[in-house]
Structure formats: C-alpha cells, structure tokens
Amino acid sequence: MFSNQFVLFFSLLLCLPFVFFFVAPHVFPSPPGESLIPISDEIDDRSLFIAAAGSTSLSHLSSGNPNPKLKIAFLFLTNSDLHFAPIWDRFFSGHSKSLYNVYVHADPFVNVTRPGNGSVFENAFIANAKRTARASPTLISATRRLLATAFLDDPANTYFAVLSQYCIPLHSFNYVYSSLFESSTFDKSDPDPNPNPRGIRILYRSFMELISDEPRLWKRYTARGRYAMMPEVPFEKFRVGSQFFVMTRRHALLTIKDRILWRKFKLPCYRSDECYPEEHYFPTLLNMKDPDGCTGYTLTRVNWTGTVKGHPYTYKAKEVVPELIQRLRRSNHSSSYFFARKFTPDCLKPLLAIADSVIFRD
C-alpha cells in the first residue's frame, strides 16, 4: 500500500501541467504573435503604397516651372468630430488652393460629423480610412495612408503636416507657408538656410523629433520582447518622438516604401504602458535612413507636465487667453511653433474670439 507521502507527491506531480498551463502565460509570456492589423487592411494598404511608390514625381521643384507653386498637405487624424474646424477654416480662408491641400483620416467605426457649407474639410475625408486605436500600430497605418494618398493626389505637395482633431494653429497660414519655403532664419538648426534666387529654400528637412535620451527608452524598445526588434532595429538606432510632425516629400516616399521596419513595429506588445508605436516608428525609420535630413524637433507644441496615462496636459476654455498663445509659440529650435495641442472642444469659442487679434496676427 502506498504511503501518504508518496500519494501526496504523485498528486502534486499530476497537478504541475495544470499549474503551468494557467500560470506560465503570466510568468513566461509567449513571443509576440502576428500583427494586430487585419490582413484585409494590409492588402488594401499595400495596393495604395505600391501605387504611391510608383510615382516618379519627388518634388514639384523638378518640373522646370520658373515659379513653382509648392504646397503643404495638412493631414488630420481623427476618431471624433473635428471640433476646431471653424478656426482651421479661418486659418485657410482667403488663401489660394494652389498653396495647400487638406486630407482627413476618420475612423469609419466612429460616427464623425463631416463639416459642410464650404468648409475646407467638406470633401477632405479619404475613402480608404480604417479603424484606429491609440497606442497601436493602426495609427502608423493611418498616417502612412494619409501620406500615400496626399503623395499620389498632388505632385505639388512638398511638405506633409500631421495633425489631430485637438490641434490648433498658432499663426496665420502666410506665416507657416513662408517659414517653410522662404525664410532663411526660421529653422535655427538648418546647416544650409540660404534660399535660391526664386526665394525657395534649397535644403528641405523634416521637422521630426529623434529622441535618444528618453528615460524609459529601453522599456519602450523591449515592449514586444527583449530581442523582438533584432536584427533589423538595434537599440542604438531606436528613437522616440511626437507622432505629429512636418515631413518632406522625399521622406514621405521613404515611409510609404518601407516594409522591413513595419514588420517589426506592427507586432503586439507585452506591456501596453510602454508601447506607443506611433511615437516610435517614424523617428526610428528616419533616424536609420536619413538622420541629417531631420531637424530633431517638431513644430507642434505639447505640454507634458501633469501627464495622465500617457496623455499630455489638456487646455481648458478658461485658460485660452492671448498670453497662452504667445507662450505656446516660444521655441528654442525655431522662430516659433506652428501648432499646439491638446485642447478641449469648449475652447473653440474663446479661440475664435482671439483668432484675428492674436492667433493670426503674426
């Protein structure tokens, strides 16, 4: 007859597989699986990106036109109503469509009211928009979708400004346009600021952060697993930065054509609190491909004091005064910031009240 000790040992032995089955996934998480992006979305995007990559027009400057009309493509990412459409309409008002284009990627699974009555957003919503979620590779896909659509739509699109529905302008359209294309002093880090005889800057660089000293950089890098990014993305090349940037046409094409880094950054993460693919992919890609072609800073002002669950400080209506606009404009890297976020929808009324006297008065 078996002893009590033997029975107890044997019972524990039999329980081990069950313990491992339930506990192991939490102690030893499985390697990252396939992408969280639906295969149907990938197929649609691939067709769009191939078409855009096949375009031979890299810059309107090469057209031979002695007075080229270079454009800024304003790319809006949203999963809610465009609360600040009225102030953006005033920003663009009176300016020729030969100088800009507007594109909107709106999550089709959210009921977004489309502005009408002559708004610049009326016909700006792209048809190939897909579902998006914060802190997921879907935001990378949505941004690449906007870049590819704008790239294909108009060869005159020379700069691509990525914005959200919570962004506001800090200057007039004239200030933004002349700073990008004509000013020789706006970008304080520009090694070759001289414009050509036509008043067009010779050297274009993307206004994108390439941050390498972020305190949690290693945790962000290993969010998918310690070796998940290797060998394509070594840690020393990994960067973080704002997902809202102003990108050149050549960098837009580089981003559209990328396949290698995308396969890494679309993988799911072990830790969602360290995983913000939209803040990692674009800075890392350009840092690996063309770091000298980037300024290292963004033109969208964000207040990261009082951060809550990864969200920046959100300005309330009572805070919208002329002094706030002046403070948000200040930059150590350029003559001024162009845009700012993040504002609550009820800020619209006080913003409109100071739009002509402060915001658009450069």
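The exercises below, each with a worked solution, concern the predicted model of a protein shown above.

**Exercise 1.** Describe the overall make-up of the protein: how many helices and strands does it have, and what share of its residues count as buried?

Solution. Begin with the secondary structure, where the protein has 12 helices and nine strands. Next, turn to burial: of the 362 residues, 51% count as buried. Then consider the contacts between residues at least 6 apart in sequence, of which 80% join residues at least 24 apart. Finally, look at the surface, where the protein exposes about 17,600 Å², with carbon and sulfur atoms supplying 57% of that area.

**Exercise 2.** Find which residues have the most contacts inside the largest nonpolar core, and which helix gives the most to this core.

Solution. The largest nonpolar core holds 57 residues, and those with the most contacts inside it are Phe 74, Phe 84, Trp 88, Phe 121, Leu 180, Phe 343 and Leu 351. Helix H5, which covers residues 173–181, gives the most to this core, contributing six residues. To see the surroundings of one core residue, take Phe 84 and set aside its neighbours within four places in sequence; its contacts then include Tyr 166, Ile 168, Phe 343, Pro 345 and Leu 351. A second core, separate from this one, has 41 residues, among them Ala 73, Phe 160, Phe 238 and Val 240.

**Exercise 3.** Work out where the buried residues of helix H3 lie around its axis.

Solution. First list the buried residues of H3 (residues 85–92), which are Ala 85, Ile 87, Trp 88, Phe 91 and Phe 92. Seen down the axis of H3, these buried residues fall within an arc of 160°, so they line one face of the helix. As background, an α-helix has 3.6 residues a turn, so residues three or four places apart point the same way. Just after H3, Gly 94 takes a positive phi of about 85°.

**Exercise 4.** Decide whether Thr 255 is buried or exposed, and explain why helix H9 is described as largely enclosed.

Solution. Locate Thr 255 in helix H7, which spans residues 249–257. Its relative accessibility is 1%, and because buried means under 20%, Thr 255 counts as buried. Not counting residues up to four places away in sequence, Thr 255 touches Arg 144, Leu 147, Met 247, Tyr 281, Phe 282 and Leu 285. Tyr 281, Phe 282 and Leu 285 are also among the buried residues of H9. In H9, 11 of the 13 residues are buried, so this helix is largely enclosed by the rest of the structure.

Conventions:
Residues are numbered from 1 along each chain as its sequence is written. This is a predicted model: local features need pLDDT of at least 70, side-chain atom pairs count only at pLDDT 80 or more; totals for chains, interfaces and linings use all residues. Side-chain values use heavy atoms; hydrogens and water are left out. A nonpolar core is a set of buried Ala, Val, Leu, Ile, Met, Phe, Trp, Tyr and Cys residues joined through side-chain atoms within 4.5 Å. Buried means under 20% relative accessible area, exposed over 50%, partly exposed in between (1.4 Å probe, protein chains only). Helices (H or I, at least four residues) and strands (E, at least two) are DSSP runs, numbered from the N terminus. Contact means heavy atoms within 4.5 Å. Accessible areas come from the Shrake-Rupley method with a 1.4 Å probe; for residues, only the protein chains shown count as cover. The arc is that of the directions from the helix axis to the C-beta atoms.
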